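Biologist: Could you take me through the inside of this protein, please? I'd like a close look at what is packed together there, and then at whatever lies around that part.

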Amino acid sequence: MGGWHARSILQGEVPGAELAAVCDVNPAAMEGFGNVARFESQSELLRSGRIEAVVIATPHYHHTPTAIEAFEAGLHVLC
């Protein structure tokens, strides 16, 4: 699901959005998203200062802790 969202942003289907970084525990899943920052750790991404907002596209049981961590980092969250 995250790849779908990332491609939609890259293709300009989300007005005003810019794909600044991607994150996945599987490095191969982050290929094909252009020249954006890549992170294998969500905590590293959320605290990187590279993003203003995050689209959470993890398995549903990770949504709450990820959203809380993003909010604590001062980010906007779409879950």
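Modeller: Happy to! In this predicted model, the largest nonpolar core is built from 11 residues. They are Ala 21, Ala 37, Phe 39, Leu 45, Leu 46, Ile 51, Val 54, Ile 56, Ala 67, Ala 70 and Leu 75. Three elements each supply two or more residues to this core: strand 2, spanning 37–39, together with helix 2 and helix 3. A second core, of 7 residues, lies apart from it and includes Ile 9, Leu 19, Met 30 and Phe 33.

Ile 51 is a good place to look at the packing. Setting aside neighbours within four places in sequence, Ile 51 is in contact with Ala 20, Ala 21, Leu 45, Leu 46 and Leu 75. Of these partners, Ala 21, Leu 45, Leu 46 and Leu 75 are listed in the largest core along with Ile 51 itself.

Some of those names come back when you turn to the largest pocket, which holds about 1,200 Å³ of space. Its lining has 42 residues, and the ones nearest the centre are Ala 21, Cys 23, Val 54, Val 55 and Ile 56. Ala 21, Val 54 and Ile 56 are core members too. Two or more lining residues come from each of helix 1 (2–10), strand 1 (21–23), helix 2 (42–46), strand 3 (53–55), helix 3 (60–72) and strand 4 (76–78). Helix 1 gives the most, with 7 residues. By type, the lining divides into 26 nonpolar, 11 polar and 5 charged residues.

Helix 3 is also where you will find Ile 68. This isoleucine counts as partly exposed because its relative accessibility is 43%, while a nonpolar core takes in buried residues. The C-alpha atom of Ile 68 is separated by 19 Å from that of Glu 40, and the two residues are 28 apart along the chain.

Back at the pocket centre, Cys 23 raises the matter of disulfides. The structure holds 0 of them. The cysteine sulfur closest to that of Cys 23 belongs to Cys 79, and the two are 14 Å apart, so they are too far from each other for a bond. A disulfide would need the sulfur atoms within 2.5 Å. Seen from Cys 79, the closest cysteine sulfur is likewise that of Cys 23. As for their surroundings, Cys 23 is partly exposed, at 32% relative accessibility, whereas Cys 79 is exposed, with a relative accessible area of 55%.

Key
Residues are numbered from 1 along each chain as its sequence is written. This is a predicted model: local features need pLDDT of at least 70, side-chain atom pairs count only at pLDDT 80 or more; totals for chains, interfaces and linings use all residues. Side-chain values use heavy atoms; hydrogens and water are left out. On a 1 Å grid over the protein atoms alone, a cavity is a set of points where a 1.4 Å probe fits but cannot get out, and a pocket is an open set with protein on both sides within 12 Å along at least five of seven lines; lining residues have an atom within 4 Å of a point. Grid points are joined across faces, edges and corners, and a volume is the space filled by probe spheres set on the points. Helices (H or I, at least four residues) and strands (E, at least two) are DSSP runs, numbered from the N terminus. Ala, Val, Leu, Ile, Met, Phe, Trp, Tyr, Cys and Pro count as nonpolar, Asp, Glu, Lys and Arg as charged, and the others, Gly among them, as polar. Buried means under 20% relative accessible area, exposed over 50%, partly exposed in between (1.4 Å probe, protein chains only). A nonpolar core is a set of buried Ala, Val, Leu, Ile, Met, Phe, Trp, Tyr and Cys residues joined through side-chain atoms within 4.5 Å. Contact means heavy atoms within 4.5 Å.
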